[in-house]
Amino acid sequence: MRGAWCVVSEKLPLPAPDSRFLIFMEEPVKILVVDDDEVDRMAVRRTLVTAGVKMDLSEANGCAEAIAQLQQQQFDCVFLDYRLPDGDGLSLVQQIRSLGFTVPLVVLTGQGDEQIAVQLMKAGAYDYLSKSKLSVEGLSQTLRNAIRLHKAELAAQEANNLLRESEERYRLVIEAANDGVWDWYCTTDEVYCNDRLLEIIGVERAEFTHTPTALLDLIHPEDLPEIKTVVRNHLLHGEKCEAEFRIMHSSGEYRHCVARGKAQRDARGYPYRMSGIVSDITESRRLDAALKASESRFQRLAETNIVGVILTKLSGEILEANQAFLQMVGYTEQDLKAGKLHWQKMTPPEYAEQNRLVIEQLRTAGSFNYYEKEYIRKDGTRVPILLGAAVVEQSPDTAICFTVDLSDRKRSEAEIISLNRDLARRVNELETLLDVIPLGIAIAQDPKCQYIRVNSAMAKLMGLSSTANASKSAPLEERPTYKVFRQSQEIPASELPMQQAASSGKPVLDVELDLVTKEGTPPVKLLGNAAPLFDEQGQCRGSIGAFVDITERKRIEDQERFLVEASNILAASLDYQTILNNLAQSIVPQLADWCSIHILEADGSIRQVSVAHSALSQVRWLEALACHYPVSSNSTLGVSQVIHTGESVLYPEIDDRLLQNLARDRDHLQSLRQIQMKSALCVPIQARGRTLGAISFVAAESQRVYTNADLIFAEDLGRRAGLAVDNGRLYQEANEIGENLRQAIVILGEQQQQLRVLQRIGNLLNQRLTDVSELLHVIVGAVCDGIPDADFAAIATYNSATDELETSATAGIGKERLLLTEILDPDLGVLRQVFETGKARLIRGRRAQGAGSREEGQGGQGSRAKGAGSREEGQRETRGQGGQGEEENLIPNSEFEFEFSLAPSSLYAVPIASVNGERLGVLVVGNWQNLDAFDPEDQNLMAAVGEQAAIAIGNARLIQALEERKNA
């Protein structure tokens, strides 16, 4: 091939260096020439020098040497011969591209095979030049175009990398911003949901069916048609996909959300995937703009390399064209066959001179290097192309032209400028977002997280400047002084969320931390989330973290939890003393270091009912102090002030002046100083518009400072305590009223029973009864029914013929035993004494040792049930207080002890005497076991029944006498 190259190079004129090339190539160009012929290599060097190329030229004899030099250094362009000793140009191009080298490759050969040219272009060669038709201008132009295109591709690649990095930052920020993410694969009908979206609907990942139907079923029926319409219009017409709707939480509650999405489409425009986010705007609509889903903000640069091929006359008529060219210029096969395609007519007027030079070069040289121009499409628009041509040897007026659509490249060049401009704007937007977002954002810029940059919100939480290194893993001289705790234990830097995410390569989610920026200050409670950052090779390059200040939320949660516990304490008893003591114990140390509770008494005095401290010795000391210096109801400060005004007081900071105002004397002041109070508040205990007392909260060793929020919470607690105290007092009063009412009902019932007895006996008086025995049996039965303590009753009538008392009627329990006792003995019986004296008597027995087993020895006969337990107490109070009978003890003689062991425990006997003083008998009632039976009311009833019995007996005897006279 050397002869052909030398002939061409000798016949070519040597034009002046191209000024455009000189401007474009300000820096030396590194060129590698791969050719086994030294003469050809020298010819290439001489041609490039003639063209004015500033270059650093290297040479290689074959494929292996060329690969070795490419691996050792970078080149701007490679010229290679198609015929090489250890391979051909096509295999070398393929090998270079397979190794990842993107350097422009220009193939030089003495053969003009079009098939080989197409294969080389497809394999990755930039151009294919025939040595026989090569010119200095053509070679320099090829070099210039190749390098410019290569640099444009590198710039596009760099822009894409920057774009991906920007999108990654946006994605991480959105994930940290607590949005739900969904990803719908249309072909498989599967939906991916991140943990936040599952949290929004309140289900676990294992419980969720990852299909669109599972999500649609949760949407409110009223919102579902609109959602379907929005998605359909987006998929079919490309309309914006954004909608607000309600979705059901697992608790049954509907949550308001905003969803945004975008479909990704294939080359035909069909959607194959749709992704988006769901923002929960129930709690806060202000985060909508900050938490939008990451959208595709830049269009991907086209990297297609479609080659159009035409066979044309030099005069302009296009004879043949492939489909790629027809699509490029917007014509059809019918237009081609109709002769409507003419390349000179398709060329804009400003390219006329260039067309003349190209035709002249084709006629003289047979070919020309690629150059850029434009064609006018059928629709009148222009398409930029890269054009190269060669004359057909058999037909000098016919040429083959290769065209490459540069629209994508031109758009890419314009888009690169726009992307750089957009990228700068996006970076500025991201930095602005990080500065204004109410989340603490931290970014670690190395895998070991030794340097962490934070936004303004995070710097404020940490007490640092926004430019300071916030990493606890930093070198000792740069390390910040804040401390981080979890469950009251300080955690090392390696266990912090960002360090864990960077070391494990996995996200760390929902970690609650306590941040202490200065000793003695309360901690800032944070909810942290962190995720690793990866480079292009998948290696961790750092991490990003998002931290939310949940101090206020945790305070509210603790207060709500305490209110639940306090409510349980307040409802556990109706004894308000116990309630308040338990409440004070629960307040310490969660809400206060000291707690005291005072109650307003009925007489207007103020009494301390409870005091609490974590140390028992301090409690005793404070109780002694309160005993020595009780709260004065005349004081205008502290507890007395709160109880009298019903209004709370808050002392955020307690100074010595306040202690002096509270102190009664010097010793009292010294004692108050010993408490070392830092802050305090006092709230009233109120119910039904009345102030019942006050609760005092005192902060001392904990250094707590009370705020208005604490005051509001304490007032709520005071109201709950007031209800509990009021309920306790009402319950106590209700019990007292109920007891009094019960006793009244018992007494009333007994009196009604007694009235019924008298009424029953009175009814007998209205009857003309002549059977005295029947009459007396009715009377003793009525007495047993009317007196609750009466186990038995009996009437003994006087027989004047025998001058003895005879048992006429008995009723009740154990009446058969009455005959065995000495009670009815005519000489020794107690009834005789009542009959002879005419005075009622209450007689009580005295139990011998072991008499407690009397009930067992009675064969199951026991005392009748009392009507009310309280009556026994009334009997003890009224015993011996002027009942109608005298009281004595049943004390038998020793010889009668056995018989008397069967005697009743209590007896009450009244005489039965007529109005003229005639003694008719004795009425007696008894109880076998109760020594305290028969109270004054029972005795009064017995007296009335005795009078009624006397009248009844007298009436019966009178009626009997009248009937005897009548019969006589």
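## Helices α4, α5 and α6

Let's start with a pair of helices: α4 (residues 63-72) packs against α5 (residues 89-98) at an angle of about 25 degrees, and their axes lie 11 Å apart. With angles under 35 degrees counted as roughly parallel, α4 is therefore roughly parallel to α5. The crossing of α4 past α5 is right-handed. On the α4 side the contact involves Cys-63, Ile-67 and Leu-70, which meet Leu-92, Gln-95 and Ile-96 of α5. Sorted by character, the residues of this contact of α4 with α5 comprise five nonpolar and one polar, with no charged residue.

Helix α5 has a further partner in α6 (residues 114-123): the axes of α5 and α6 come within 9 Å and cross at roughly 10 degrees. These two helices are therefore roughly parallel to each other as well. Here α5 contributes Gly-89, Leu-90, Val-93, Gln-94 and Arg-97, and α6 contributes Gln-119, Leu-120 and Ala-123. The contact of α5 with α6 divides into four nonpolar residues, three polar and one charged.

## How far to trust the model

Please keep in mind that this is a predicted model. The average pLDDT of the chain is 79, and 83% of the residues score at least 70. Confidence is lowest in helix α1 (residues 2-11), where the mean is 35, and highest in helix α16 (residues 497-504), at 92.

Two stretches deserve some care. Over residues 1-24 the pLDDT stays under 50, and the model has 44 contacts beyond four places in sequence for them. The pLDDT also stays under 50 over residues 847-884, for which there are 68 such contacts beyond four places in sequence. Where pLDDT is low, the predicted coordinates should not be read in detail.

## The seven-stranded sheet

Moving along the chain, seven strands build an open antiparallel sheet, in the order β19-β18-β24-β23-β22-β20-β21. Its edges are β19 (452-454) and β21 (489-490), each of which pairs on one side only. Within this sheet, β20 (residues 483-486) and β22 (residues 508-516) run antiparallel and are joined by three bridges. If you would like a place to look, Phe-485 stands opposite Asp-514 in β22.

Two helices lie across these strands. Helix α16 lies across β18 (440-444), β19, β22, β23 (524-534) and β24 (540-549), running at about 150 degrees to β24. Helix α17 (residues 551-571) lies across β22, β23 and β24, and its direction makes about 130 degrees with β23.

## The five-stranded sheet

A further open sheet has five strands, ordered β26-β25-β29-β28-β27, and its pairing is antiparallel. The edge strands, each pairing on one side only, are β26 (606-613) and β27 (649-651). On average, neighbouring strands of this sheet are turned by 15 degrees against each other, with direction ignored. Helix α19 (residues 616-628) packs on the sheet, where α19 touches β25 (594-600) and β26, and the direction of α19 makes about 165 degrees with that of β26.

Strands β28 (residues 679-687) and β29 (residues 690-699) pair in the antiparallel sense over nine bridges. One residue pair to look up is Ile-685, whose bridge partner in β29 is Gly-693. Helix α20 (residues 638-645) lies across β25, β26, β27, β28 and β29, and runs at about 150 degrees to β29.

## Backbone details and a long-range pair

Most residues other than glycine have a negative phi, and most peptide bonds are trans. Against that background, two places are worth a look. The peptide bond from Val-588 to Pro-589 is cis, with omega near -5 degrees, and Pro-589 is placed in the loop between α18 (576-587) and β25. Gln-703 has a positive phi, near 65 degrees, although this residue is not a glycine; Gln-703 lies in the loop between β29 and α23 (708-765).

Helix α23 also holds Leu-723. Which residues does Leu-723 contact, leaving aside its neighbours within four places in sequence? Leu-723 is then in contact with Gln-686 and Ala-687. Leu-723 and Ala-571 are 152 residues apart in sequence, with a C-alpha to C-alpha distance of 9.8 Å in space.

How values were computed:
Residues numbered from 1 in each chain as written. Predicted model: local features only at pLDDT ≥ 70, side-chain atom pairs only at ≥ 80, totals over all residues. Heavy atoms only, no water. Axes fitted to C-alpha atoms, helices over the stretch in contact; angles between N-to-C directions. Helix = DSSP H or I, 4+ residues; strand = E, 2+ residues; numbered from the N terminus. Parallel < 35°, antiparallel > 145°, perpendicular 65-115°, else oblique. Left-handed = near helix turned anticlockwise from the far one by under 90°. Contact = heavy atoms within 4.5 Å. Nonpolar A, V, L, I, M, F, W, Y, C, P; charged D, E, K, R; others polar. pLDDT = per-residue confidence, 0-100. Pairing = 2+ DSSP bridges.
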